[in-house]
Amino acid sequence: KNAAEDRLRLSEERFRVALRDSGIFVWQQDSELRYTWQYNTVGAVLESDVVGRTDEALFPAEEAARLMALERRVIETGAGLKGEISLTVRGQRRDFMYNLEPLRDASGQIVGLTGASVDVTEQKAFERRLLDTQKLDSIGLLAGGIAHDFNNLLVSVIGNANLAADLLPAGSQAIELLHNVMSAGIRAAQLTSQILAYSGQGRFVLEPVDLSDLLREMTGILQASVRERTRLAFDLAPDLGCIEADVTQMQQLVMNLVLNAAEAIGTGGGVIMLRTRALTMTEAALSKSMGGANLPAGNYVSLEIRDTGAGMDEQTKARIFDPFFTTKAVGRGLGLPAALGIVRGHRGAIDVTSKPGKGATVRVLLPLAAR
């Protein structure tokens, strides 16, 4: 008897250790959907003992109703259910995979259910970031190829228009028309340069760049580029250290982000804060940023541009780096995609935090130069 009890205790201890390390939450509920038993420290899920309570006491009403409908279906049909569900836990939206099975007594009658769930929020977020990266790579490859071919055509258009204008006699009315062709071609070339920047195939001439110094030098042109009622504020780290970057591309990056912030503020006026910092980043922290999934841990320079504008909802924020997506009445939707391309071309990452009515913060991370 003692040997059997020892084997049972050992088996239960192994079961407890396996569950504790797996992060799986298991439980049982009676026919009234009250929790009668739970296993695993529930701190990662609910932060409290659930025994004697129902989902109505644990989750917002709409979520509880959806979850209890699933539990009732298992009890009424006797068939198990597997799937995913989103629940609000400690004020945060979390994703869970669940497995529900009917619980029967010795006679085979259904007396409740047993369930198991695991938090997959981080896993799903990583999968979304990986899909975003793959989408950006494929779109960038296509856009870059088209832009290169288009640039070759523009060389022919602009060059031949220029030659034709030179061949015409002075005073010919066709000269002005050919100048219009050349001007349009040059504007088209500027557009393709933005597409190439998005694809990460722009022409880079790398040199040591201190972003704090760069922003100080750009103060005048930045202030002239925004509306009078919009104020620029600077919080620039001294002795920031240098990144290896193309100065022209960095200037375009800053200009694109500041103009986007100014558009978000609108005519009512507000503040755009530009901030630089030196940071030590882990791979896990980098992976949460756009383009950061494959970046190594180490020392980075952070450029933050925060505005007091209208902010964005999650649906808009998910699309702001898509080429040609814009919320403006007039615009091409290439400013932020080009900024992302420049960042990725410099082996960096970018992320955006925003809520409606709370403004937005764009943070760019670029690797600190080793020398």
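Is W27 buried or exposed? Select W27 and look. W27 counts as buried, because its relative accessibility is 6% and the cut-off for buried is under 20%. Keep in mind that this is a predicted model.

**Stop 1: the whole chain**

Zoom out before going further. The protein chain carries 9 helices and 12 strands. It has 371 residues, and 39% of them count as buried. Now think about contacts with a separation of 6 or more: 63% of them join residues 24 or more positions apart.

**Stop 2: the aromatic cluster**

Go back to W27 and add F25 and Y35. Ring pairs link F25, W27 and Y35 into a cluster. The whole structure holds 2 aromatic pairs. F25 and W27 make a stacked one, with 5.3 Å from centre to centre and 25° between the planes. W27 and Y35 make a tilted one, at 6.3 Å centre to centre and 55° between the planes. When you check these in the viewer, recall that a pair of aromatic rings is described by the distance of the centres and the angle of the planes.

The partners of W27 are covered too. F25 has a relative accessible area of 4%, so it is buried. Y35 counts as buried at 5% relative accessibility.

**Stop 3: D30 in strand β1**

Select residues 25–30. This is strand β1, and D30 sits in it. Is D30 buried or exposed? Its relative accessibility is 16%, and it therefore counts as buried. Now show polar atoms. A polar atom of the D30 side chain lies 2.9 Å from the backbone nitrogen of E32. Leaving out residues up to four places away in sequence, D30 touches T36, I75, V111 and G112.

**Stop 4: the β3–β4 hairpin**

Select 81–89 for strand β3 and 92–104 for strand β4. They pair in the antiparallel sense over 9 bridges. For a landmark, find L81, which stands opposite L100 in β4. Then move to the turn. The hairpin has 2 residues between its strands, and R90 in the turn has a positive phi of about 55°.

**Stop 5: the largest nonpolar core**

Which residues have the most contacts inside the largest nonpolar core? Select L211, M250, V258, I272 and L274. This core has 41 residues. Colour the elements that give two or more residues to it: α5 (211–225), β8 (243–246), α6 (247–265), β9 (270–281), β10 (298–307), α9 (335–345), β11 (349–354) and β12 (360–367). Among these, α6 gives the most, with 9 residues.

Apart from this core lies another, of 21 residues. Its members include F25, M68, V74 and L100. Two of those names come from earlier stops: F25 belongs to the aromatic cluster, and L100 stands opposite L81 in the hairpin.

Now centre on L211. Setting aside neighbours within four places in sequence, L211 is in contact with L240, I243, M250, T276, V301, L303 and L366.

**Stop 6: helix α9 and its surroundings**

Select 335–345. How many residues of α9 are buried? The count is 8 of 11, so α9 is mostly covered under the cut-off of under 20% relative accessible area. The buried ones are L336, P337, A338, A339, L340, G341, I342 and V343. Follow the chain onward to R347, which comes after α9 and has a positive phi near 60°.

Next add Q252, which lies in helix α6. At 23% relative accessibility, Q252 counts as partly exposed. Draw a distance from its C-alpha to that of A338. The two atoms are separated by 8.8 Å, although the residues are 86 apart along the chain.

**Stop 7: the five-stranded sheet**

Finish with the open sheet of 5 strands. Its order is β7-β9-β10-β12-β11, and the pairing is mixed. The edge strands are β7 (230–235) and β11, each pairing on one side only. On average, neighbouring strands here are turned by 20° against each other, direction ignored.

Zoom in on the β11 edge. β11 and β12 pair in the antiparallel sense over 6 bridges. Use T353 as the marker: it stands opposite T361 in β12. While you are there, show the backbone hydrogen bonds. Strands of a sheet pair through them, either parallel or antiparallel.

Key
Residues numbered from 1 in each chain as written. Predicted model: local features only at pLDDT ≥ 70, side-chain atom pairs only at ≥ 80, totals over all residues. Heavy atoms only, no water. Core = buried A, V, L, I, M, F, W, Y, C linked by side-chain atoms within 4.5 Å. Buried < 20%, exposed > 50% of the residue type's maximum accessible area, 1.4 Å probe, protein only. Helix = DSSP H or I, 4+ residues; strand = E, 2+ residues; numbered from the N terminus. Contact = heavy atoms within 4.5 Å. Pairing = 2+ DSSP bridges. Axes fitted to C-alpha atoms, helices over the stretch in contact; angles between N-to-C directions. Polar contact = N/O pair within 3.5 Å; in protein donor to acceptor, adjacent residues only side chain to side chain. Phe/Tyr/Trp six-rings, centres within 6.5 Å; stacked < 30°, edge-to-face > 60°.
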